[in-house]
Amino acid sequence: MVGAFHGHAHNRFCQLDWHPMYIDGTGNTDGEGCEHVFSTSNELARSTRHATRFHRHQAIEQHFAFWNEDKYEALTRFIRNHYKEATLSVHRLTSELEILKGALHLTDDDFPRFLSEERAYLNTVHQSPPREQMTIRYVQVLDELEQRKTDWAKAREAANGALSGVAAGDFRAATVAINGARIQVELACAKLQHTEALAAHLRGCLGLESHWEIGSEDYNLYKEEATLGKYREALGELERLVVMRLFELAKVSMSGVGMIFPCCT
């Protein structure tokens with residue numbers, strides 16, 4: 001089982017098998033028992049970093065001795081409060097579940113089936129079909145082609161005015177300006193030709209009869225898919241960075257400490 005908090009850093013397929021939300025018998029257990037202990041014991045790092053070996057062991061032993069006594073003293077309240085919370089949750093969630101099952105015409109057998117179907121789907125579809133990936137790439141190349149045309153037009157316009165800032169009779173400066181403009185035009189033209197060839201190649205691989213125009217129905221459909229793909233990648237990366245950052249804060253005993261930024265006036 002993966003802890004409830006750590007589980008969200010794993011992919012969906014892993015969560016279906018190992019997240020406590022989908023494991024029978026876990027109840028409200030979050031699976032983060034060790035982390036609850038470490039969240040308090042990490043405080044010892046700053047006070048024992050430069051202590052002697054004896055005093056370091058003494059501090060650690062006293063910490064866990066007091067921690068154990070505190071937990072034992074609060075054990076009855078802990079069990080009572082969690083039992084009441086669990087009982088209330090069972091009554092409330094059971095009522096809500098019955099309402100939802102009636103409204104959606106579901107039975108108790110449907111929920112395991114939903115998870116099994118999702119697991120089977122994720123097991124077979126690890127990535128988008130090849131044709132869909134190629135179509136999305138074609139749309140991205142069309143956007144790139146439009147940008148290359150704009151860059152080439154700007155390079156030619158800049159080349160036409162390359163001598164505007166050169167003094168009359170300054171042949172050396174004129175030569176430098178002309179060579180610089182020529183290089184920019186040739187570079188922009190080469191990029192444009194490369195992108196045109198790539199677009200033509202993808203169109204041939206997809207078997208398209210005509211070139212897709214930007215803004216057409218097919219273009220907009222796969223443009224949205226490409227945007228959603230980038231969004232999902234960014235969201236996954238953001239989740240990974242947040243979890244990693246929280247781990248770093250926990251190591252220095254700063255988890256749960258808010259950061260205040262001064263307001264700009």
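**Helices, salt bridges and a nonpolar core**

Arg148 and Glu144 both belong to helix α8, where four residues, or about one turn of the helix, separate them. In this predicted model, the side chains of Arg148 and Glu144 meet in a salt bridge with an N to O distance of 3.4 Å. Arg148 also has a second partner, Asp151, and the side chains of Arg148 and Asp151 form a salt bridge at 4.0 Å, N to O. Asp151 lies in helix α8 as well, three residues from Arg148, which is again about one turn of the helix. Glu144 counts as partly exposed because its relative accessible area is 27%, and Asp151 is likewise partly exposed, because its relative accessible area is 28%, where the partly exposed class runs between 20% and 50%.

To place this helix in its setting, it helps to look at the whole chain. The chain has ten helices and zero strands, so that from the N terminus on its elements run α-α-α-α-α-α-α-α-α-α, with helices defined as DSSP runs. Buried residues make up 17% of the 265 residues in the chain, and the accessible surface comes to about 20200 Å², with 59% of that area belonging to carbon and sulfur atoms. Among the contacts between residues at least 6 apart in sequence, 64% join residues at least 24 apart.

Helix α8 contributes to the interior too. The largest nonpolar core has ten residues in all, namely Tyr138, Val139, Val141, Leu142, Ala199, Leu202, Leu206, Leu208, Trp212 and Tyr219. Two helices, α8 (residues 130-160) and α9 (residues 171-206), each supply at least two residues of this core, and the largest share, four residues, comes from α8. A detail of this core can be followed at Ala199, which touches Tyr138 and Val141 when residues up to four places away in sequence are not counted.

What kind of surface feature do Tyr231, Leu235, Leu238, Val242 and Leu246 form? Together these residues make a nonpolar patch on the surface, with about 460 Å² of accessible area. Val242, one of its members, lies in helix α10, which covers residues 217-251. Val242 counts as partly exposed because its relative accessibility is 41%, and this value also satisfies the requirement of over 30% relative accessible area for residues in such a patch.

The next stop is helix α6 and the loop that follows. Helix α6 has 30 residues and reaches 42 Å from its first C-alpha to its last, which is close to the 44 Å expected at 1.5 Å a residue. Lys101 has its place in this helix, which spans residues 75-104. Is Lys101 buried or exposed? Lys101 counts as buried because its relative accessibility is 10%, and the limit for that class is under 20%. Leaving aside neighbours within four places in sequence, Lys101 is in contact with Leu106, Thr107, Asp108 and Phe111. Asp108 appears in a second role as well, since Glu98, Lys101 and Asp108 are linked in a network of salt bridges. Side chains of opposite charge can pair when their charged atoms come close.

Just after α6 comes His105, which takes a positive phi of about 60 degrees, although His105 is not a glycine. His105 lies in the loop between α6 and α7. With a relative accessibility of 70%, His105 counts as exposed, whereas Lys101, at 10%, counts as buried.

Beyond that loop, helix α7 offers another pairing along a helix. The side chains of Glu117 and Arg113 meet in a salt bridge at 2.9 Å, N to O. Because Glu117 and Arg113 are four residues apart in helix α7 (residues 110-124), they are separated by about one helical turn. Glu117 is partly exposed, with a relative accessible area of 42%, and Arg113 also counts as partly exposed, at 37% relative accessibility.

How many salt bridges does the structure hold? The structure holds twelve salt bridges, and among them are the Glu117 and Arg113 pair in α7, the two bridges that Arg148 makes in α8, to Glu144 and to Asp151, and those of the network that links Glu98, Lys101 and Asp108.

How values were computed:
Residues are numbered from 1 along each chain as its sequence is written. This is a predicted model: local features need pLDDT of at least 70, side-chain atom pairs count only at pLDDT 80 or more; totals for chains, interfaces and linings use all residues. Side-chain values use heavy atoms; hydrogens and water are left out. Buried means under 20% relative accessible area, exposed over 50%, partly exposed in between (1.4 Å probe, protein chains only). Contact means heavy atoms within 4.5 Å. Accessible areas come from the Shrake-Rupley method with a 1.4 Å probe; for residues, only the protein chains shown count as cover. Patches are made of residues with over 30% relative accessible area and no salt bridge: like charges are joined within 9 Å, nonpolar side chains (Val, Leu, Ile, Met, Phe, Trp, Tyr) within 5 Å. A nonpolar core is a set of buried Ala, Val, Leu, Ile, Met, Phe, Trp, Tyr and Cys residues joined through side-chain atoms within 4.5 Å. The expected span of a helix is 1.5 Å times one less than its number of residues.
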